[in-house]
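Open the model in your viewer and keep the sequence panel visible. We will go from one residue outwards to the whole chain.

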Amino acid sequence: MPLTPHPSSSSSLERRISYVTVHTWENIQYKVGDRSPRALRPTNTLKENPMRLFTTTAVAAAIGLTFSVGAMAQQTMSKKDFKSGMDSIATVYKSDKTSCESLSGNANDICMAEAKGKEKVAKADLEARNKNTNRARYEALVTKAEADYSVAKQKCDDRAGNVKDVCLKEAKAAEVAAKADAKANMKTSDANNKANKESTEANKEAEDTSTAASHDAAMDKGDAEFAVAKEKCDALAGSAKDSCMNEAKMRYGKM
């Protein structure tokens, strides 16, 4: 007999996965726009940041677990719980807005972007829990990616010139990567659910869908990362810039 997860166990696991997902995204958000002098040296222009690779991988893993846990859950929310959740979100947003009033300039803009993003993500997460569908979970992850991008863009306004341009490209690349992983995992989860109900042919179709989705995600992320690399090369000149561009093209298959 297949094991059926206890509702409370699923709920607890969902909370843990939500925590991992949110805090992993926050790690990347604070990495965006990190412009240490070392990052712009010609010899290290295209070297990967190990921490960034770790957090990106952790995000992809958290996204996959989000869909897996959602598939295990059997119950949607009651109308009372849903309304209570929405009321709570509204209260928190109002408080966050008030906290921003003491700030000015870009600090205020960043604060408001964070408050609005937090509200949107909370609503999307609540909708995902209520609808309990792969599509709703995907939309919640997309909302999270867009909210983080909005905050990261605002933080980039504290910079200027090429440093700001690189910051914006990295922010966009993080958003593209998050959306690509979320889409790939949704397609894979949908295909697997279909295969579980149908024939061997459906299982083969699920494998093909998963492979195609992963390929599409890799292509989207590669293009975004190439844009970041090109922007970094723009900070250089002469042969150093040419070498940087050639290395970027070879690395991302743009020759």
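Select Asn132. Buried or exposed? Asn132 has a relative accessibility of 19%, and buried means under 20%, so Asn132 counts as buried. Keep in mind that this is a predicted model.

Where does Asn132 sit? Look in the loop between helix 4 and helix 5. Now check its backbone. The phi of Asn132 is positive, about 55 degrees, although Asn132 is not a glycine. Most residues other than glycine have a negative phi.

Step back along the chain and select residues 105-131. This is helix 4, with 27 residues. Asn132 follows helix 4. Place a distance between the first and last C-alpha of helix 4. The helix reaches 39 Å, close to the 39 Å expected at 1.5 Å a residue.

Colour the buried residues of helix 4 next. They include Asn106 at one end of the list and Ala128 at the other. Among the others are Ile110, Cys111, Met112 and Ala113. Carry on to Ala115, Gly117 and Glu119, which are also buried. Val121, Ala124 and Leu126 are buried as well.

What covers these buried residues? Show residues 79-100 and residues 134-156. The first range is helix 3 and the second is helix 5, and both are part of the cover.

Stay with helix 5 and keep helix 4 on screen. How do the two helices run relative to each other? Their axes come within 8 Å and cross at roughly 175 degrees. Angles over 145 degrees count as roughly antiparallel, so helix 4 and helix 5 are roughly antiparallel to each other. Colour their contact by residue class. It has nine nonpolar, five polar and nine charged residues.

Now turn to the helix 3 side. Select Asp96, which lies in helix 3. Its relative accessible area is 18%, so Asp96 is buried. Which residues does Asp96 touch, leaving aside its neighbours within four places in sequence? Show Cys111, Ala115 and Lys118: Asp96 is in contact with these three. Cys111 and Ala115 are already coloured as buried residues of helix 4.

Finally, zoom out to the whole chain. There are eight helices and zero strands. Of the 255 residues, 39% are buried. Consider the contacts with a separation of 6 or more. Residues 24 or more positions apart account for 76% of them. Switch on the surface to finish. The accessible surface comes to about 14,800 Å², and 53% of that belongs to carbon and sulfur atoms.

Definitions and conventions
Residues numbered from 1 in each chain as written. Predicted model: local features only at pLDDT ≥ 70, side-chain atom pairs only at ≥ 80, totals over all residues. Heavy atoms only, no water. Helix = DSSP H or I, 4+ residues; strand = E, 2+ residues; numbered from the N terminus. Expected span 1.5 Å × (residues − 1). Buried < 20%, exposed > 50% of the residue type's maximum accessible area, 1.4 Å probe, protein only. Contact = heavy atoms within 4.5 Å. Axes fitted to C-alpha atoms, helices over the stretch in contact; angles between N-to-C directions. Parallel < 35°, antiparallel > 145°, perpendicular 65-115°, else oblique. Nonpolar A, V, L, I, M, F, W, Y, C, P; charged D, E, K, R; others polar. Areas by Shrake-Rupley, 256 points an atom, 1.4 Å probe, with all protein chains shown as cover.
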